[in-house]
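Trainee: I'm new to this one, and I'd like to talk through its charged pairs and cysteines. Can you show me what we're looking at?

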Amino acid sequence: SVGGTRTKRSCRLGNALRTFVQRYDAGKEHYYLYSQPLPTEEDQDELVRELVSDSFQSEVLDRLVLNISTLVLFYRPWCGWCRQVQPVFKEIGKKLGAKNPLLRVARMDTDQNELVPGVHAVTNTVPTIYLFLPNQSSQPLQHTHHA
């Protein structure tokens, strides 16, 4: 019967989900982030680093313990406002990031990458700029737009 088939499928799904949660809690399963491939060092711009989900931890969060802050532009390539802010952000990288070993300037395409869990940043509205500071890794400072 159709109802019996649905019940069996939902029971199997429930068991699979329960098993996954148990394995996750035991550290045997890990979360998956949608991420572009890691850029090579040769592909990196010296003024504005390109971040992807798989590099966010090492490029931003792990550097906070070394007292290195990171200014991050979250953008989408098709967004007109994002394209307008890119040259300004590159200029910020030139004036601040290149001369200051304690500040990095970076950007992340939010269409192709997810933000790592535990970081409280709203990236569904772009362009969005956050400053990640030492001792505030999960609560970065958001740039507020003023008209």
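What follows is a short chat about disulfides, salt bridges and burial.

Mentor: Before we start, this is a predicted model, where local features need pLDDT of at least 70, side-chain atom pairs count only at pLDDT 80 or more, and totals for chains, interfaces and linings use all residues. Residues are numbered from 1 along each chain as its sequence is written, and side-chain values use heavy atoms, with hydrogens and water left out.

Trainee: How many disulfides are there?

Mentor: A disulfide here is a pair of cysteine sulfur atoms within 2.5 Å. Go by that rule and the count is zero.

Trainee: Is Cys82 buried or exposed?

Mentor: The cut-offs are buried for under 20% relative accessible area, exposed for over 50%, and partly exposed in between, using a 1.4 Å probe and protein chains only. Cys79 has 6%, so Cys79 is buried. Cys82 has a relative accessible area of 1%, so the word for Cys82 is buried.

Trainee: How many salt bridges does the model have?

Mentor: You need a side-chain nitrogen of Lys or Arg within 4 Å of a carboxyl oxygen of Asp or Glu. By that rule, the count of salt bridges is eight.

Trainee: Which residue meets Arg49 in a salt bridge at 2.9 Å, N to O?

Mentor: Arg49 is buried, because its relative accessibility is 12%. The partner's relative accessibility is 52%, so that partner counts as exposed. The residue whose side chain meets Arg49 at 2.9 Å is Glu41.

Trainee: How many residues apart are Glu50 and Arg107?

Mentor: Their side chains meet in a salt bridge, at 2.5 Å from N to O. This pair links distant parts of the chain: Glu50 is in strand β1 (residues 49–51), Arg107 is in strand β3 (residues 103–109), and the separation is 57 residues.

Trainee: Is Arg107 buried, exposed or partly exposed?

Mentor: Its partner Glu50 is buried, with a relative accessible area of 17%. Arg107 has 24%, so Arg107 is partly exposed.

Trainee: Which helix holds both Lys95 and Glu91?

Mentor: Their side chains meet in a salt bridge, at 3.7 Å from N to O. Helices are DSSP runs of H or I with at least four residues, strands are runs of E with at least two, and both are numbered from the N terminus. Lys95 and Glu91 are separated by about one helical turn because they are four residues apart in helix α3 (residues 80–97).

Trainee: Is Lys95 buried or exposed?

Mentor: Glu91 is partly exposed, with a relative accessible area of 33%. Lys95 has 56%, so Lys95 is exposed.

Trainee: Which residues do salt bridges that share partners join into one network?

Mentor: Shared partners link these salt bridges together. The network's members are Glu41, Arg49, Glu59 and Arg104.
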